[in-house]
Amino acid sequence: MKVLALINTNLVSEEDVTMLPDVSIAGTPIHCGLIELERPSFNEDASENEHFVLVKVDAFSCNYRDKAIILKATLKMQEDVNFQAPPFDYFGSDFVGRIVAKGYSVDEFEIGQRVIPNCAYPDPPFPGVAPGAVTNEA
């Protein structure tokens with residue numbers, strides 16, 4: 001699957017990814033590109049996935065949190081080459097997608113159903129679920 005990512009051009013050859021035109025945030029050039037990744041492993045019968053779903057993101061938007069995440073990751077990538085800077089970084093916490101797999105105890109959602117995250121804050125949307133955006137890198 002193709003994934004939009006921040007590209008560390010100090011570590012990754014622009015010939016190995018599909019680069020997109022740079023954008024600028026606060027005067028900082030942001031290098032983005034499309035990379036090819038395999039679908040995440042998700043065993044529908046595993047007990048650790050009993051109450052989970054796997055969602056394929058169809059579209060996302062960048063909010064103020066994403067702007068800060070993108071800028072921080074980009075500035076880290078632009079430092080001298082070091083072992084802490086990743087070759088790629090991801091962003092996007094507001095999204096819409098479709099369920100492609102679900103755990104065996106999930107009965108309120110169906111494969112193919114369109115979903116969005118419930119980012120209720122400060123109170124969690126359900127008992128045992130973290131409040132707010134639980135991922136910065138959906």
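These are legends for close-up views of a predicted model, covering its salt bridges and nonpolar cores.

**View 1. Lysine 2 pairs with glutamate 36 in a salt bridge.** This is one of four salt bridges in the structure. The closest N and O atoms of lysine 2 and glutamate 36 sit 3.7 Å apart. Lysine 2 belongs to strand S1 (residues 2–7) and glutamate 36 to strand S5 (residues 32–36), so the pair ties together parts that are 34 residues apart in sequence. Buried or exposed: where does lysine 2 fall? Lysine 2 counts as exposed, because its relative accessibility is 59% and the cut-off for exposed is over 50%. Glutamate 36 comes in at 54%, so it counts as exposed too.

**View 2. Lysine 56 meets aspartate 58 in a salt bridge.** Here the N-to-O distance is 4.0 Å. Lysine 56 has a relative accessible area of 45%, which makes it partly exposed. Aspartate 58 is also partly exposed, at 39%.

**View 3. Aspartate 58 forms a salt bridge with arginine 98.** The closest N and O atoms of this pair are 3.7 Å apart. Why does the pair tie together parts that are 40 residues apart in sequence? Because aspartate 58 lies in strand S6 (residues 53–61), while arginine 98 lies in strand S8 (residues 94–102). Arginine 98 is partly exposed, with 37% relative accessible area. Put the shared partners together and you get one salt-bridge network made of Lys56, Asp58 and Arg98.

**View 4. Nine residues make up the largest nonpolar core.** The members are Leu6, Ile25, Ile30, Cys32, Ile70, Leu71, Ala73, Met77 and Phe91. Which element gives the most to this core? That would be helix H1 (residues 64–78), with four residues. As background, nonpolar side chains in soluble globular proteins tend to be buried together.

**View 5. Methionine 77, a member of the largest nonpolar core, shown with its contacts.** Skip the neighbours within four places in sequence, and methionine 77 still touches a good list of residues. On one stretch of the chain, its contacts include Leu6, Ile7, Asn8 and Asn10. Others among them are Ala85, Pro86, Pro87, Phe88 and Asp89. Of these partners, Leu6 is also listed in the largest nonpolar core.

**View 6. A second nonpolar core stands separate from the largest one.** How many residues does this second core hold? It has six, including Val3, Ile7, Val12 and Ile35. Ile7 also shows up among the contacts of methionine 77.

Methods:
Residues are numbered from 1 along each chain as its sequence is written. This is a predicted model: local features need pLDDT of at least 70, side-chain atom pairs count only at pLDDT 80 or more; totals for chains, interfaces and linings use all residues. Side-chain values use heavy atoms; hydrogens and water are left out. A salt bridge is a side-chain nitrogen of Lys or Arg within 4 Å of a carboxyl oxygen of Asp or Glu. Helices (H or I, at least four residues) and strands (E, at least two) are DSSP runs, numbered from the N terminus. Buried means under 20% relative accessible area, exposed over 50%, partly exposed in between (1.4 Å probe, protein chains only). A nonpolar core is a set of buried Ala, Val, Leu, Ile, Met, Phe, Trp, Tyr and Cys residues joined through side-chain atoms within 4.5 Å. Contact means heavy atoms within 4.5 Å.
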